[in-house]
Each structure stands twice: as structure tokens, then as C-alpha cells.
Amino acid sequence: MVAYDDEGNPDPTTVKPLIDGGTEGFKGNVRSVVPGITACLECSIDLYPPAVNFPMCTIAHTPRLPEHCIEYVKVLLWPKEEPFGAGIGVDGDDPKHISWICGKAEDRAKEFGIEGVTYRLTLGVIKNIIPAVASTNAVIAAACATEVFKVASSMYAPLDNYFLFNDVDGVYSSSFSYERNPECLACSQKPQLITAKPLDTLQDLIDALKEHPLFQMRSPGITTKINGKSKTLYMPNVPMLEAQTRENLERSLADLGFLDGQELVVVDVTSPTARVLTVKFP
């Protein structure tokens with residue numbers, strides 16, 4: 001969606017703007033993303049609220065909501081009874097699974113005098129579905145279409161760059177400019193820092209990339225420059241290269257020629273572009 005020049009600046013002739021919109025019940029938002037210039041989707045990831053989780057003690061002992069009863073069946077009763085066979089987990093797309101959970105949740109709800117357990121609610125809890133509201137969808141769809149028209153026609157200044165809509169209690173809307181995150185993994189050209197020890201193995205470094213909350217990679221491939229020459233350290237997704245570089249996994253970073261401040265080029269399915277990381281020794 002954007003190409004960069006040799007100095008790391010976005011080439012304006014290659015930029016492809018993105019208009020993104022979404023709804024959650026009576027709430028919605030629209031954002032305009034100009035790759036390499038405005039905040040990208042990853043820059044604003046902190047705006048997303050954490051997933052709703054019910055305390056285990058409430059689910060197991062003092063349920064107060066129909067959702068608690070459904071979670072009880074899903075989390076505690078299903079593994080215990082294994083209604084569809086040993087080792088078979090809950091499948092939110094299987095009506096038989098949902099019906100069984102709904103029936104057991106109704107029994108538990110009656111035990112505690114709770115009303116409101118329905119098949120639709122059970123499906124929503126199991127699949128984490130938030131009901132769509134037609135009016136909210138219409139407003140956000142119209143806002144997206146308007147932004148696309150403004151970008152395509154240049155007849156009016158586009159959104160800069162975030163629009164919020166809320167009609168939970170009355171109607172409220174606002175817009176503001178969300179700033180780019182200079183440390184963003186997706187759109188920043190700045191190398192990211194990762195700490196390691198010289199005696200750590202390459203496998204330790206790969207595990208750190210997978211477990212680090214900032215990176216959360218799945219199967220990173222790593223290349224670097226050692227003594228001025230490009231070297232592929234590990235490439236898991238190409239069978240021939242994986243076999244040739246597998247022995248590097250057990251070698252220490254010092255043995256591989258790493259120095260403090262070593263720059264790595266890392267590719268992974270979690271990012272559309274290669275990431276540049278700097279290894280910092282303590």
C-alpha cells in the first residue's frame with residue numbers, strides 16, 4: 001500500500017489510502033489511513049477494549065447473570081462430562097453443541113433463580129458475538145462511503161483521521177487526529193530493540209520473538225549481516241532453507257558472530273513487511 005525511498009520516506013505516488021469502519025452494538029468508528037503518513041491500524045490497537053472475562057469464582061459458585069451460567073457449562077461442565085466424546089472441544093458452529101450447552105445452562109439458571117438463558121444468548125457467549133444494530137451499521141457505512149468519495153474525488157478534505165459514533169444514550173459523535181506511534185511495528189521504519197545474551201541460542205531468540213507481547217511472532221525467519229556479508233540464520237517456511245539452517249538453532253548468538261547492536265531482518269506471517277530488529281546485549 002506504500003513504497004519507501006532509500007531514506008525511509010514514503011513515496012507519495014505509491015500511497016493507497018484505506019478507509020476502515022466497524023460497529024459494536026450501538027457504537028461505531030471510522031478511520032482514514034494514509035499508509036506511511038497517518039496512524040495505521042496497529043498504531044491504534046490500544047483503543048480496543050480488553051475481552052470480557054468472568055471471574056472463575058463467580059462462574060463456579062455465585063452466578064448472577066445468564067452469561068455466568070453459560071460460561072459455567074462451557075468452562076467447567078463440558079470438560080467434565082465430554083458430551084460428544086473424549087477430547088472433543090466446543091464447536092460454536094455446531095448446533096448440537098450449542099443446544100447441549102443451552103440446556104445445561106438453563107438447568108443451572110433455574111437452580112439460582114436466574115432468567116434469560118436463550119439459544120441466541122448462548123451462541124453469542126460461546127462465539128463472542130455482539131448483536132448488530134441496523135441503524136449503527138447504516139451510519140458507519142454512510143460515513144465510510146462519504147470518506148471514499150472525498151478521497152477519490154478530492155472535492156473535500158478527508159477525515160483526519162478518526163471518527164467515533166455512539167447512540168447508546170442519545171446520539172453522540174466526534175472526530176480527532178490519532179497520532180502515529182513512532183515505535184509501531186507495522187508502519188515505523190525505526191528498528192525495534194530486543195534484549196538477548198551472547199550465550200543465548202538462536203532458538204532462545206526465536207522463542208523470545210514468539211513470546212514477547214510486542215512481537216508475538218509465529219514462525220520468524222531471520223537474516224543478518226556478519227562481517228559485511230548477508231547470512232540467512234533460519235528460514236522455517238522454505239523446506240530446503242529450513243534443512244540447511246536448522247543446525248543454527250542450537251548455536252549461541254556469540255558463536256554465530258553476533259555483536260552488541262546486531263541488526264536482524266525478520267520476516268513473519270504476522271507482518272506484511274520485513275521487520276528490522278536490533279539485538280541489545282546486557
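Me: Which residues are buried in α2?
Reply: The model is predicted: local features need pLDDT of at least 70, side-chain atom pairs count only at pLDDT 80 or more, and totals for chains, interfaces and linings use all residues. Residues are numbered from 1 along each chain as its sequence is written, and side-chain values use heavy atoms, with hydrogens and water left out. Buried means under 20% relative accessible area, exposed over 50%, and partly exposed in between (1.4 Å probe, protein chains only). In α2, a helix by DSSP run (H or I, at least four residues; strands are E, at least two; both numbered from the N terminus), the buried residues are P66, H68, C69, I70, E71, Y72, V73, L77 and W78.

Me: Against which elements do the buried residues of α2 pack?
Reply: Contact here means heavy atoms within 4.5 Å. From the other side, the cover over the buried residues of α4, which are T122, G124, V125 and I126, includes α2 and α3. The buried residues of α2 pack against α1, α3 and α4 (119-127).

Me: Where is the kink in α2 centred?
Reply: The bend at a residue is the angle between axes fitted to the seven residues ending there and the seven starting there. In α2 the kink is about 35 degrees, and its centre is V73.

Me: What is the phi of E82, the residue that follows α2?
Reply: E82 sits in the loop between α2 (66-81) and α3 (95-111). E82 counts as partly exposed because its relative accessibility is 35%. Its phi is positive, in a residue other than glycine, and lies near 45 degrees.

Me: Which residue just after α4 takes a positive phi?
Reply: The phi in question is about 55 degrees. The residue is N128.

Me: Which element gives the largest share of the largest nonpolar core?
Reply: A nonpolar core is a set of buried Ala, Val, Leu, Ile, Met, Phe, Trp, Tyr and Cys residues joined through side-chain atoms within 4.5 Å. The largest one has 21 residues, and those with the most contacts inside it are L202, L205, L209, I222, F258 and L264. Two or more residues come from each of α6 (202-211), β7 (229-234), β8 (262-267) and β9 (275-280). The largest share, four residues, comes from α6.

Me: Which residues does F258 contact, leaving aside its neighbours within four places in sequence?
Reply: F258 is one of the residues with the most contacts inside the largest core. With those sequence neighbours set aside, its partners are L205, L233, L253, L264, V279 and F281.

Me: How many residues does the second, separate core have?
Reply: Among its members are Y72, I98, I114 and V125. Of these, Y72 is a buried residue of α2, and V125 is a buried residue of α4. The number of residues in this second core is 17.

Me: What accessible area do M56, V75 and L76 have together?
Reply: These three form a nonpolar surface patch; patches are made of residues with over 30% relative accessible area and no salt bridge, with like charges joined within 9 Å and nonpolar side chains (Val, Leu, Ile, Met, Phe, Trp, Tyr) within 5 Å. M56 is in helix α1 (residues 56-60) and is partly exposed, at a relative accessible area of 42%. Areas come from the Shrake-Rupley method with a 1.4 Å probe, and for residues only the protein chains shown count as cover. Together the three have about 220 Å².

Me: What is the N to O distance in the salt bridge of K150 and E147?
Reply: A salt bridge is a side-chain nitrogen of Lys or Arg within 4 Å of a carboxyl oxygen of Asp or Glu, and the structure holds six. K150 and E147 both lie in helix α5, three residues apart, about one turn of the helix. K150 counts as buried because its relative accessible area is 15%, and E147 because its relative accessibility is 7%. Their N to O distance is 2.7 Å.

Me: How many residues apart are K280 and D260?
Reply: The side chains of K280 and D260 meet in a salt bridge at 3.4 Å, N to O. This pair links distant parts of the chain, with K280 in strand β9 and D260 in the loop between α7 (239-245) and β8. K280 is partly exposed at 38% relative accessibility, and D260 is partly exposed at 44%. Their separation in residues is 20.

Me: Which residue does a cis peptide bond join to D160?
Reply: Omega of this bond is about -15 degrees. The partner of D160 is N161.
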